[in-house]
Amino acid sequence: MNDENAVSGTRSGLISRRNLLRAGVVGAAGVGIAGVAASKGGLAIAAGGATYDATHTREVHLAATDGWVTMPKNAKPITGFWPDELAPNPYNMYVFGFRNVSGMIDSDVIAQRGLAQISAPTLAFDQGTEIRVTLTNLGLSQRPDLVDGHTMHWHGFNNAIPIFDGVPEMSASVPIGKSITYLYRPTDPGTYMYHCHFEDVEHVQMGMTGLLFVRPELNYLPGTLTQKTKARAGDGLIQPVRYVFNDTATEYDREFPLFLSENMPEDHWRDAHIQISDWAYYHPGFSLFNGRAFPDTIEPDFDPMTDYAAASVGERLKYQPRSSLIEANVGETVLLRVAHLGSVRHTITVDGIPLHVVGADASQLKGADNHDNSFVTNSVDLGPGESRDVLFTAPAAGTYLIYDRNFMNLSNNGGGGYGGMLTHLVVHPAGQLAPQTAV
Ligand SMILES: [Cu+2]
């Protein structure tokens, strides 16, 4: 924590922990969605006691609810469990998840009940920014018998305040119809993940997981969030300068989130059909990149708020909105932000392309003596809860495969053809793709 962090206000006595808790919980105890405004108001008072630059504030509003998604049709059905006969066309699997409802009016937020997405929205923040993530619990449309809370747990964030850590046993969760605003000021750039921590084995398996990353201040002009730019060699274009960490050796041209998870269809069926799951008995049917199994991984991005023709792939994937198609021009440096919140190990590889791992678990691979601990490999191995920052140089134009080396994770529940954790890297001739402007 740096001295500018709102949290440091508690240390300097500007606000007590008790008052901060009151701001988060009591402020959120309004009726229905009105709790959002109440909690924001409460936290504005709390944050007002600390010194920070208000222009460096980011506000995000997430909604937590349930919903329906699709796993690919080339999967082997599981009699009685998948496809789920309760699923509305064109979907086939029940999930819990988050939605990004930032900027929506309350009635639109409430209308997202039952429309969860997987993976959770990718969140990208800048180092040193005051971040306020408001989480609203919309309840579960398929399971009105459940009164589950939800939380946001930023995995790996050094959080001094239990309530903002989102572990309900240590503080509080968000009840149905209520909201809490979580406060953060990240000081450590890198790739993280976040998830709901309420009955976390279940809620994580059901889909309340996503990727989050923090860009380093080295990207910005001193004292501002105005991005540094430079003319790249060869094309003369002025482009944003992007680094993974506060080290010029970690420069890249394009970045892509690659969020790893799996699901077990029987457990999703049981949650939809009011049956008890044994979470100790786990054998995933689908392994996912960014919430989709191949071949859906290479479909483009979709918007959960857009109407697509009912039979189109867009309608089928609108609640799995994130593509895993990786595209770059020859010679560009690509950053894969890999994070894993499934339950079994995964080893990601790209045939024939050396992978330079420069970061692990939101830390640059560099010793205290500035020793370079980064390494080049063909196998990026991750356990659950781990992340890696991987750089590679886009080779000759063509299509390459990015996949999990475990063959078990390359089918859709043992069905015919390839599936699971597989996506494409498409390398274009030099200069063909415009510079990346958004992730
Ligand atoms: Cu939850």
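## A guided tour of two sheets, one helix and four loops

Begin by selecting residues 398-404 and 422-428: strand 23 and strand 24 run antiparallel and are joined by 6 bridges. The model is a predicted one, in which local features require pLDDT of at least 70 and side-chain atom pairs count only at pLDDT 80 or more, while totals for chains, interfaces and linings use all residues. Residues are numbered from 1 along each chain as its sequence is written. Strands here are DSSP runs of E with at least two residues, helices are runs of H or I with at least four, and both are numbered from the N terminus. Two strands are taken to pair if DSSP finds at least two bridges between them.

**The five-stranded sheet**

Within the first selection, highlight Y403, whose bridge partner in strand 24 is L422. Next, extend the selection to the whole open sheet, in which 5 strands follow the order 15-24-23-17-21 with mixed pairing. Strand 15 (326-329) and strand 21 (380-382) are its edges; each has a single partner strand, so one side of each lacks a neighbour in the sheet. On average, neighbouring strands of this sheet are turned by 20° against each other, direction ignored. Such angles are taken between axes fitted as lines to C-alpha atoms (for helices over the stretch in contact), and run from 0 to 180 degrees between N-to-C directions.

**The four-stranded sheet**

Now select the strands of a further open sheet, where 4 strands take the order 3-8-7-5, again with mixed pairing. Its edge strands, strand 3 (123-126) and strand 5 (153-155), each pair on one side only. Neighbouring strands in this sheet are turned by 30° against each other on average, direction ignored. Focus on strand 5 and strand 7 (residues 190-195), which run antiparallel and are joined by 3 bridges. Here H155 has M193 of strand 7 as its bridge partner.

**Helix 7 and the residue after it**

Move to helix 7 (265-272). How many of its 8 residues are buried? The count is 6 of the 8, so helix 7 is largely enclosed by the rest of the structure. A residue is called buried if 20 or more other C-beta atoms lie within 10 Å of its own, exposed if 12 or fewer do, and partly exposed in between, with C-beta atoms placed from the backbone. The buried residues to colour are P265, D267, H268, W269, D271 and A272. Their cover includes strand 2, helix 6 (200-206) and strand 13 (254-263); contact here requires C-beta atoms, placed from the backbone, to lie within 7 Å.

Just after helix 7, I274 takes a positive phi of about 55°. I274 lies in the loop that leads from helix 7 to strand 14, and is exposed, with 10 other C-beta atoms within 10 Å.

**A362**

Select A362, another site with a positive phi, here about 60°, although the residue is not a glycine. A362 belongs to the loop between strand 18 (355-360) and strand 19 (363-364). Is A362 buried or exposed? A362 is buried, with 23 other C-beta atoms within 10 Å.

**Two cis peptide bonds**

Finally, inspect the bond between N89 and P90, which is cis with omega of about 5°. P90 sits in the loop between strand 1 (57-69) and strand 2 (93-100). A cis peptide bond also joins F294 and P295, with omega of about 10°. To locate P295, display the loop between strand 14 (286-289) and helix 8 (313-317).

How values were computed: Contact = placed C-beta atoms within 7 Å.
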